[in-house]
Structures are given as structure tokens and as C-alpha cells.
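Colleague: Before I use any of these labels, I'd like to hear what stands behind them. Can you show me the model and take me through it?

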Amino acid sequence: MAAPQETTEGTAAEVKVGLPQMKTDTFPSQIFWLTVTFAILFVVMWRMTLPMIAGAIGARRNRIEDDLSTAEGFRKDAAEALASYEAALAQARGRAHQLADENRKRVVAEIEQLKTAADTETQATIATAEKRIASERVKAVTGVRASAADAAADIVQRLIGRSVSAEEAAAAIASAEPRGR
């Protein structure tokens, strides 16, 4: 075991053990210094710290209110922008429908015009073809009559042995044809 240490006040065994704040003989000085310290702390808090805290809280409150008002302004601007966007979109859709209707009407009119022109051209082509067919029919009938007259003259020559002229055979064939042609 180590020997007790000696101090200027005496040996360690002579020092009283315990908490110094619990010594009743020092209570009046402790209460005095507690009051002085509390008063100084109260004045420091009242004059310096609390105004700084109040200023910081006020500044923060003002900044929050400014941010909220700015956000509200942005929200209103966004709502106005959305409304103008929707109006512009509706106007663009209306214009697109109008242009589509105009284009549809124009295309239908062009189709009708082309159809009319095609019908007119077709009618002209049909009329030309009918004229050509009629002309060819007349040529064919004339050719058939001439061939029939020649054939009739040959048949008469072979059957009865008499010669018939081409004009007589053509007259005989013309008198034998029905009258509607």
C-alpha cells in the first residue's frame, strides 16, 4: 500500500470527504454567487441573446412569408400560363379543324371538277367512238352488200346459168332487206 500523501494543509486523512456544494457552512456564499450569476446571465439573455433570437425568428418568419408569397405568385403565373396555353391549344385545334374542313372541301371540289372533266371527256370519247362505229358499220354494211351482191350474182350464175350484173344483184338485195336499217 502506498503511504498517505502529505499536503500543505495536512495529511490526506485529515481532509473532509464529500461534495463541497452540500456543506452547509458555505450556503450563504453559494446563494450569493448563484444570485449574482443568475442576475448576470439574466441580463445577458435579456439584453443580448433574446433580441438576437427574436431577430432571427422574425427574419426567418419574414423569409418564409416572402417565400410563400413568391410561391403563390408563381402558382398564379403558372395557372395563367396554363390557361393561356389551353386557350392557344384550343384556338390551334379550332384552326386545324377549320383548315382540315377547307382542305376537305377544296379536295372534294377538285375531285368533282376532275370527275366532271373526266365525264365530259369520256362522253366526247364515247361520241367519237360511236361515230366511228357507225361509220365502220356503214362501211361494213356497204362491203357486205357488195360482197352479197357479188355472191348473189355468182350463185345465180351457177344455179341458173344466167349472168346478172352487180347493180341488179345489189337492187335485189336492197329490196330483200328489212326496212328498219
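Modeller: Sure, starting with surface: accessible areas come from the Shrake-Rupley method with a 1.4 Å probe, and for residues only the protein chains shown count as cover. On that basis the chain has about 15,900 Å² of accessible surface, 63% of which belongs to carbon and sulfur atoms. Keep in mind that this is a predicted model, where local features need pLDDT of at least 70 and side-chain atom pairs pLDDT 80 or more, while totals for chains, interfaces and linings use all residues. Numbering runs from 1 along each chain as its sequence is written, and side-chain values use heavy atoms, with hydrogens and water left out.

Colleague: How many helices and strands are in the chain?

Modeller: Two helices and zero strands. Helices (H or I, at least four residues) and strands (E, at least two) are DSSP runs, numbered from the N terminus. Helix α1 covers residues 27–159, and α2 covers 166–176. After α1 comes glycine 161, with a positive phi near 80°.

Colleague: What is the angle of the kink in α1, and where is it centred?

Modeller: About 45°, centred on methionine 45. The bend at a residue is the angle between axes fitted to the seven residues ending there and the seven starting there.

Colleague: What makes a residue buried or exposed?

Modeller: Buried means under 20% relative accessible area, exposed over 50%, and partly exposed in between (1.4 Å probe, protein chains only). Buried residues come to 3% of the 181 in this chain. In α1, Gly58, Ala149 and Ala153 are buried, and α2 is part of what covers the buried residues of that helix.

Colleague: Why is phenylalanine 38 called exposed?

Modeller: Its relative accessible area is 56%, and the cut-off is over 50%, so phenylalanine 38 counts as exposed. Phenylalanine 42, at 47%, is partly exposed.

Colleague: How do you know that phenylalanine 42 and tryptophan 46 are stacked?

Modeller: Rings of Phe, Tyr and Trp (its six-membered ring) pair if their centres lie within 6.5 Å; planes under 30 degrees apart are stacked, over 60 edge-to-face and the rest tilted. Here the centres are 6.1 Å apart and the planes differ by 20°, so the pair is stacked. Phenylalanine 42 and tryptophan 46 sit four residues apart in α1, about one helical turn. Ring pairs link Phe38, Phe42 and Trp46 into a cluster.

Colleague: Why would a spacing of three or four places matter?

Modeller: An α-helix has 3.6 residues a turn, so residues three or four places apart point the same way.

Colleague: What makes glutamate 72 and arginine 75 a salt bridge?

Modeller: The rule asks for a side-chain nitrogen of Lys or Arg within 4 Å of a carboxyl oxygen of Asp or Glu. N to O is 2.6 Å for glutamate 72 and arginine 75, so they qualify. They lie three residues apart in α1. By this rule there are four salt bridges.

Colleague: And why does lysine 139 with glutamate 136 count?

Modeller: Their closest N and O atoms are 3.8 Å apart, and the limit is within 4 Å, so this pair is a salt bridge too. Lysine 139 is exposed at 52%, whereas glutamate 136 is partly exposed at 43%.

Colleague: Which residues form the nonpolar patch?

Modeller: Phe38, Leu41, Phe42, Val43, Met45, Trp46, Leu50, Ile53 and Ile57, with about 890 Å² of accessible area together. Patch members have over 30% relative accessible area and no salt bridge; like charges are joined within 9 Å, nonpolar side chains (Val, Leu, Ile, Met, Phe, Trp, Tyr) within 5 Å.

Methods: Contact means heavy atoms within 4.5 Å.
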